[in-house]
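User: I would like to go through the reasons behind some of the labels used for this structure. Please set each value against its cut-off.

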Amino acid sequence: ALHRQPRVPQMPRAHDMPLATFDDVVSGLLFLLHGDKNAPRSFTLGNLKRIFRSRLKLELSETALGYSKLQDLLSDPRLSSICSVQPRGQSAFLIKPRDPQSRRTTEIKVQPAPA
């Protein structure tokens with residue numbers, strides 16, 4: 001009782017949240033990086049899982065999606081029109097939004113042909 005510390009609010013534990021699907025990753029990155037068209041955001045690779053938990057209420061697990069590293073997941077060609085991963089210093093990486101014009105072009109290219 002003498003050493004009792006005040007309770008600090010904690011982030012929800014990973015097992016309390018649903019796992020993000022690949023579609024969740026796509027929509028989540030679009031929202032996080034391009035949600036405000038006037039001010040696209042960038043963030044570090046090390047913060048991505050925390051941001052998914054706090055803002056999207058999803059647990060991002062690259063291994064559950066079949067990747068050994070988070071950087072490998074973000075390098076998936078299906079995400080290339082949404083973001084890029086760039087080295088920042090010796091051991092950090094920055095996730096940056098792609099130009100919206102290149103996203104539009106990619107989206108047009110992947111549209112199914114009319115039957």
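User: Why is Glu62 called buried?

Analyst: This is a predicted model. Glu62 has a relative accessible area of 12%, and buried means under 20%, so Glu62 counts as buried.

User: What makes the pair of Glu62 and Lys49 a salt bridge?

Analyst: The side chains of Glu62 and Lys49 come to 2.9 Å, N to O. The cut-off is a Lys or Arg side-chain nitrogen within 4 Å of a carboxyl oxygen of Asp or Glu, so the pair qualifies. Glu62 lies in the loop between H2 and H3 and Lys49 in helix H2, 13 residues apart, so the pair links distant parts of the chain.

User: Is Lys49 buried, partly exposed or exposed, and why?

Analyst: Lys49 has 26% relative accessibility. Buried ends under 20% and exposed starts over 50%, so Lys49 counts as partly exposed.

User: Which other salt bridges are found, and how do their residues rate for burial?

Analyst: The whole structure has 3 salt bridges. Glu59 and Arg53 meet at 3.5 Å, N to O; Glu59 is buried at 10% and Arg53 is buried at 18%. Arg78 pairs with Asp76, their closest N and O atoms being 3.0 Å apart. Asp76 is buried at 8%, whereas Arg78, at 53%, is exposed because exposed means over 50%.

User: What makes the approach of Ser61 to Thr63 a polar contact?

Analyst: Their side chains make the contact at 3.2 Å, and the cut-off for such N or O pairs is within 3.5 Å. A polar side-chain atom of Ser61 also lies 3.2 Å from the backbone nitrogen of Ala64.

Terms used:
Residues numbered from 1 in each chain as written. Predicted model: local features only at pLDDT ≥ 70, side-chain atom pairs only at ≥ 80, totals over all residues. Heavy atoms only, no water. Buried < 20%, exposed > 50% of the residue type's maximum accessible area, 1.4 Å probe, protein only. Polar contact = N/O pair within 3.5 Å; in protein donor to acceptor, adjacent residues only side chain to side chain. Helix = DSSP H or I, 4+ residues; strand = E, 2+ residues; numbered from the N terminus.
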